[in-house]
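Okay, thanks for squeezing me in. I'd like to spend a few minutes on side-chain contacts, so have the viewer up.

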Amino acid sequence: MAGEVIYELKNASKRYGSVIALDGASLKLHAGEVIGLVGDNGAGKSTLVKVLSGAHQPDGGQIFLEGKERVWGSPREALEAGVETLYQDSGLAPHLTVSQNVFLGREKFVGGFLGKLGFLAKKEMDHDAHRDLEAVGIAVPSSNRSVSQLSGGQRQAVAIGRAVAWAKKVIILDEPTNHLGARQAGEVLNIIKNAKKKGLGVIFISHTLPHVLEVTDRIVVLRLGRIVKDAPTSEFTGDTLIGTITGTIQTIKVEGD
Ligand SMILES: Nc1ncnc2c1ncn2[C@@H]1O[C@H](COP(=O)(O)OP(=O)(O)OP(=O)(O)O)[C@@H](O)[C@H]1O
Ligand SMILES: [Mg+2]
């Protein structure tokens with residue numbers, strides 16, 4: 001059973017030049033709830049993600065975290081407030097090691113005098129990165145191996161592990177199962193289920209509709225920048241979900257309109 005509303009978007013819009021990528025989108029995410037965000041290519045999903053993560057400023061609309069209005073000046077502000085995002089292009093630095101990636105932007109320094117000189121606490125970060133990735137169910141060969149030496153799926157696993165390990169309130173996963181084999185995709189779905197159990201609010205974006213139907217509590221369908229449906233997952237079948245995405249099934253007005 002989901003808890004309080006943890007993250008809310010009200011009437012958000014975003015244009016890129018003449019393209020209206022997001023047109024008056026509203027959604028509510030509860031603690032311990034997984035929302036599936038679906039829609040065709042170009043529907044506006046990643047744009048919605050970037051607005052929620054602080055990567056893009058919306059042209060209009062409001063964001064509320066735990067009921068308090070927030071205006072994110074940068075992704076870092078959202079991160080520090082507990083909103084973690086895995087972008088569609090996961091943004092790992094290939095030349096850095098697994099643990100350096102896990103701690104990217106949040107590096108630990110050794111204590112005291114040496115810390116003032118900017119010495120990184122490398123051993124501690126290797127150890128903690130390994131522990132945090134294991135804790136969320138991700139096995140990587142070694143946390144001091146360079147990311148460029150990992151397979152595509154392993155890189156994706158590191159990116160997901162990093163996001164889940166740091167998330168305090170909300171986690172947004174933009175197509176996290178892309179490029180993954182069936183077993184690894186199954187592991188990602190388990191990670192999502194565990195994040196939900198921990199009470200996080202999760203937004204899961206995927207074109208693999210059986211995954212969305214399996215792991216979400218509610219599905220939000222975007223079409224041409226507009227939310228055309230927002231309903232409990234139990235109300236969809238595979239066929240009605242496809243029809244809603246493509247527009248062959250008429251949609252009713254949704255909450256927030
Ligand atoms: N930086 C940008 N500059 C200009 N137009 C953009 C930019 N990013 C996205 N768009 C446009 O905005 C619209 C929404 O794109 P968005 O990336 O949000 O779609 P999406 O639903 O994530 O699609 P996909 O399933 O292919 O990832 C598209 O028409 C896209 O071409
Ligand atoms: Mg996208």
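I'll go through the salt bridges, then turn to the aromatic rings.

One thing up front: this is a predicted model. So, how many salt bridges does the structure hold? The count is 10, and I'll pick out a few of them. The general idea is familiar: side chains of opposite charge can pair when their charged atoms come close.

Let's start inside helix α7, which covers residues 182–197. E187 and R183 make a salt bridge there, with N to O at 2.6 Å. Both residues belong to that helix and sit 4 residues apart, so about one turn, going by the helix assignment. What about accessibility? R183 is exposed, at 57% relative accessible area, whereas E187 is partly exposed at 31%.

Now stay on helix α7 but look outward. K193 forms a salt bridge with E214, 2.9 Å from N to O. Because K193 is in helix α7 and E214 is in helix α8 (residues 209–215), this pair ties together parts that are 21 residues apart in sequence. Both partners are partly exposed: K193 has a relative accessible area of 30%, and E214 has 46%.

Next up is K196, which pairs with D217; their closest N and O atoms are 2.9 Å apart. Which parts does this one connect? K196 lies in helix α7 and D217 in the loop between α8 and β9 (218–223), so again the pair ties together parts that are 21 residues apart in sequence. D217 comes out partly exposed at 31%, and K196 is partly exposed too, at 27% relative accessibility.

There's also a network to look at: salt bridges link E33, R218 and D230.

Okay, on to the rings. A pair of aromatic rings is described by the distance of the centres and the angle of the planes. How many aromatic pairs do we get here? Just 1. That's F103 with W166: the ring centres are 5.6 Å apart and the planes are at 85 degrees, so this is an edge-to-face pair. As for location, F103 is in the loop between α3 (98–102) and α4 (112–116), while W166 is in helix α6 (residues 152–166), so the pair ties together parts that are 63 residues apart in sequence. And is F103 buried or exposed? F103 is buried, with a relative accessible area of 2%; the cut-off for buried is under 20%.

That's my tour, so over to you for questions.

Key. Residues numbered from 1 in each chain as written. Chains lettered and ligands numbered in written order. Predicted model: local features only at pLDDT ≥ 70, side-chain atom pairs only at ≥ 80, totals over all residues. Heavy atoms only, no water. Salt bridge = Lys/Arg side-chain N within 4 Å of Asp/Glu carboxyl O. Helix = DSSP H or I, 4+ residues; strand = E, 2+ residues; numbered from the N terminus. Buried < 20%, exposed > 50% of the residue type's maximum accessible area, 1.4 Å probe, protein only. Phe/Tyr/Trp six-rings, centres within 6.5 Å; stacked < 30°, edge-to-face > 60°.
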